[in-house]
Amino acid sequence: MNNIIMELKDHMRDHPIINTHCHHLQDHDFEGLDLNAILRQSYVNWYQVPLEDTYASRANYLEKNRFNSYFVWLEKSLQELYEFYEPLTADNWDEISKRIEKAHGDKEYHMDILREKCKYAKIILDTYWQPGSNNGRPDIFTPTFRVDPFFYGYDPDARDHDGNRPFQLYGDIPQDLDEYISFIKNIVALKKEQGCIALKCAIAYNRGLDFEKVSRDKAYKALNKKDVQKTAEDIKVYQDYIFWKICEIAAEFKLPIQCHTGMGQLTKTNAMAMKEVIEKNPETKFVIFHCSYPWMDDVNGLLRTYHNVYPDLCWLPLLSTSAAIRMLHELIEGGTCDKVCWGCDTWTSEESYGALLAFRFVLVKVLKEKIQDGYITLNDAKDIIDNIMYNNAFKLYYGK
């Protein structure tokens with residue numbers, strides 16, 4: 001058993017990786033970065049435990065978070081990067097924070113982690129604050145283009161969950177629906193020309209993913225109502241129409257759509273809610289982010305039915321390591337290891353490395369069990385590693 005584990009770890013240790021989803025911050029955000037800043041820019045902070053610069057607050061923060069998977073993998077990353085082997089405590093907090101701040105005195109340090117420690121060959125970057133940006137580093141970052149603002153063209157003051165409005169990002173936009181679709185298409189064409197290799201939809205934080213096929217006339221009627229008369233159903237009709245048109249545009253430009261599924265507003269955000277739009281847009285490639293957690297069975301069902309579905313494990317090993325283990329077992333058994341990808345889905349290099357540690361842990365555990373059960377061979381396992389870490393993403397995004 002130990003020999004299997006060592007061989008698997010050796011195979012993936014320096015393996016180049018295409019990281020399919022990341023929100024890596026801009027260079028200036030890493031200036032003066034310390035422990036507090038890393039935690040506040042991490043998923044650990046999503047549990048909303050208060051963190052103040054006092055011993056008691058730090059102790060309470062660690063006590064409340066110490067067993068959640070976000071914290072566990074971030075702590076493992078920090079231990080390795082900053083060479084401490086005891087748990088993070090209120091007592092060693094300041095010392096670790098000083099090490100972090102000192103390391104980031106080198107303005108390239110955050111990028112060195114991504115290149116040298118993580119071994120990322122390419123990172124697909126989702127800068128929702130500036131859709132389509134590569135952070136000025138085209139050598140490693142390839143942008144995806146966030147389409148969420150386009151769902152809010154019905155009202156100059158409407159905005160997505162990140163606060164973005166199409167009027168703010170793109171100036172005056174057409175008020176005629178057909179012209180608006182052409183406007184969207186032209187922007188997508190421009191963004192592809194500028195290097196974007198996918199579209200990203202994260203509207204699950206605002207509404208359900210039940211995009212119904214609606215007629216142009218119905219969408220026109222919903223759009224042309226006065227703002228005070230628009231109902232939630234009118235807005236849904238308009239947004240449903242826009243998404244179906246974006247799917248057509250994606251197929252035309254051969255751009256996969258990366259769809260945030262699962263967590264979000266939690267009402268109709270499971271992947272199966274997209275069944276109709278997936279089925280009726282067979283030329284559009286739908287990348288199912290986070291494998292629809294906690295509704296992971298949806299992905300397995302869709303994969304076995306529709307050829308244009310691609311599962312992405314991004315975030316899942318951090319979100320729930322045991323869920324990622326179960327999911328990967330089932331993806332292997334579904335014969336879809338030529339489709340599975342992974343991304344860190346993080347903002348800082350430290351958390352990205354933690355996400356990678358979690359991902360490697362999942363790979364080793366699942367593949368070891370599959371080998372021991374006689375389901376696959378060691379060479380099969382190495383092929384799976386090659387595919388999920390690099391080959392699948394290359395074919396899906398770069399091999400066109």
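Two strands count as paired if DSSP finds at least two bridges between them. That is the idea to keep in mind for these close-ups, which come from a predicted model.

**View 1. A three-stranded open sheet.** Here's the sheet with its 3 strands in the order E1-E2-E3, and the pairing is parallel. Strand E1 (17–22) and strand E3 (141–143) sit at the edges, so to speak: each has a pairing partner on one side only. Averaged over neighbours, the strands are turned by 25° against each other, ignoring direction.

**View 2. Where E1 meets E2.** Zoom in on E1 and strand E2 (residues 120–125), and you'll find 4 bridges joining them in the parallel sense. One residue pair to look for is Ile 18 with Lys 122, its bridge partner in E2.

**View 3. A helix packed on the sheet.** Helix H16 (residues 378–398) packs on this sheet and touches E1, E2 and E3. Compare the helix with E1, and their directions make an angle of about 60°.

**View 4. Asn 19 and its surroundings.** Asn 19 is part of strand E1. Is this residue buried or exposed? It's buried, because its relative accessible area is 0% and the cut-off for buried is under 20%. The Asn 19 side chain gets to the backbone nitrogen of His 21 at 3.2 Å. Leaving out residues up to four places away in sequence, Asn 19 also touches Tyr 120, Lys 122, Ile 123 and Ile 124, along with Trp 342, Gly 343, Cys 344 and Ser 352.

Technical notes: Residues numbered from 1 in each chain as written. Predicted model: local features only at pLDDT ≥ 70, side-chain atom pairs only at ≥ 80, totals over all residues. Heavy atoms only, no water. Helix = DSSP H or I, 4+ residues; strand = E, 2+ residues; numbered from the N terminus. Axes fitted to C-alpha atoms, helices over the stretch in contact; angles between N-to-C directions. Contact = heavy atoms within 4.5 Å. Buried < 20%, exposed > 50% of the residue type's maximum accessible area, 1.4 Å probe, protein only. Polar contact = N/O pair within 3.5 Å; in protein donor to acceptor, adjacent residues only side chain to side chain.
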